[in-house]
Amino acid sequence: MSPLLESVTLGATIPLRNRICMGSMTRNRCTDNGKPTKATVSHYAERARDGTGLIVAEGTFTSPHGAEWPHAPVMFDKSHSDAWKVVTDAVHQEGGKILFQPWHPGRIQNDNMPMLKEYNYPVLAPSKIKAKGGKFRTLDGTPGHTENITEIENVKDIVEQYRTSCVLAKEAGFDGIELLSQGGYLLHNFLCSHSNARADKYGGSVDNRCRFPLEVLDAIISVWGSRAVGIKICPSDDYNDTMVSYEELTETYTYYIQELMKRNLGFINLSRRGCDVGRNQDDYFKSSPRPEDKALPANYEPLKQFGKTIKYPGSSTMLMVNHEYTFEEAEDLIKSGQIDLAQFARPFIYNPVCDPARTIFLWQCNQLIRVYQQDLVTRLVSGIPLASNDRGGMVNYGPYQDPNENYNDWPRAI
């Protein structure tokens, strides 16, 4: 049996059917004022029916936002938690586990997006430094990220937003938290020297730039406890104007990971986005060549640099990896003891659910259990190569006439 199909307990509190994790993916389908709909419920429930070990729900904003996805979910009042409760109940009914991912977009926004205008809410960031790039397709002229940035004055207010959102997530029935600390969003804005020019205790030195993300993490731990909490980081990130030099990467993440490990987290999810994985990747997320002053060592991967800082004999924090891993790579890393969990994301979109009447049987915990087939796991069990996306990257986000389009309508393999 593939080591990916072994059962495991995450953080000593969350039993998982296997080590396969579905990563968070913004899908822009929460068309009920940022709340999940029947299409959302179907999407997650079907993937739980597969037998997927762990689902991380799409990033969910902790406040009104001006991100380029007008139908991304939000979680800042009871109506939002009530809507998500329908999703978590459906996932649990299928025997699955699902984590909440709190998200603040920071400077990766445009102040003309409808939700910000409706709430009259500012674009908040550590400093008034515009992010390069951006292409807001729903606004006339497809502008980039905004220059109209408000520097955060009271950091504690934003920490409280995260805490409140995670209280609501508990009420919604989620099993735990994965804090998003990559991708050029707010926590990452504080980490990077080129987006954080603050002169107070939240800017300047590495320990100061890490202070805000760690305070957010501690606030979440105060609600959930450390063992049900994980964090997603990407030292090599190049998305949303996040690229830094190898020297800054090393200094920042050596300190940051050491501080994360002090907190006895359930897991750390380590991404290798921005690295050359040695094969073609999805064109929508393909990395551009790094400039000379931000070049990485040959064949660089964060796992090689930081893996042993997280996973070592006696460590209670599990190590998850993500970004363009194949089943074979993940299996080898588990067999060699380098990781505990492997996260896959976009393949869960276009490797869809098969007929529930077709089932497989697996031995887990000395018990023969019935697992409904979803295409991704079916392919792993049967040795069938994963399907690829033949519709183009933009279909992940729309436009669409019906939210189910390019969301719940992909053809199955068998």
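**Helix packing and aromatic contacts**

In this predicted model, Lys170 lies over the face of Trp224, at 4.9 Å from the ring centre. Both residues also belong to a helix–helix contact, Lys170 on the side of α4 and Trp224 on the side of α6. Helix α4 (residues 155-171) packs against helix α6 (residues 206-224) at an angle of about 35 degrees, the axes being 9 Å apart, and α4 passes α6 in a right-handed crossing. Among the residues that make the contact are Val155, Ile158, Val159 and Tyr162 of α4, together with Phe212, Val216, Ala219 and Ile220 of α6; the residues of the contact divide into 13 nonpolar, 1 polar and 4 charged. A further charge over a ring is found at Arg272, which lies over the face of Tyr325, at 3.6 Å from the ring centre.

Across the whole structure, the search finds 12 aromatic pairs. One of them joins Tyr44 and Trp84, whose ring centres are 6.2 Å apart and whose planes stand at 55 degrees, so the pair is tilted. Because Tyr44 lies in helix α1 (residues 38-49) and Trp84 in helix α2 (residues 78-93), the pair ties together parts that are 40 residues apart in sequence; both Tyr44 and Trp84 are buried. Phe100 and Phe174 form another tilted pair, with 5.2 Å from centre to centre and 55 degrees between the planes. This pair links distant parts of the chain, with Phe100 in strand β6 (residues 98-100) and Phe174 in the loop between α4 and β10 (176-180), 74 residues apart. Phe100 counts as buried at 0% relative accessibility, and Phe174 is buried with a relative accessible area of 5%. Elsewhere, Phe61, Trp69, Trp103, Tyr185 and Tyr397 form one aromatic cluster.

Note on methods
Residues numbered from 1 in each chain as written. Predicted model: local features only at pLDDT ≥ 70, side-chain atom pairs only at ≥ 80, totals over all residues. Heavy atoms only, no water. Axes fitted to C-alpha atoms, helices over the stretch in contact; angles between N-to-C directions. Helix = DSSP H or I, 4+ residues; strand = E, 2+ residues; numbered from the N terminus. Left-handed = near helix turned anticlockwise from the far one by under 90°. Contact = heavy atoms within 4.5 Å. Nonpolar A, V, L, I, M, F, W, Y, C, P; charged D, E, K, R; others polar. Phe/Tyr/Trp six-rings, centres within 6.5 Å; stacked < 30°, edge-to-face > 60°. Buried < 20%, exposed > 50% of the residue type's maximum accessible area, 1.4 Å probe, protein only. Lys NZ or Arg CZ within 6 Å of the ring centre and 35° of its normal.
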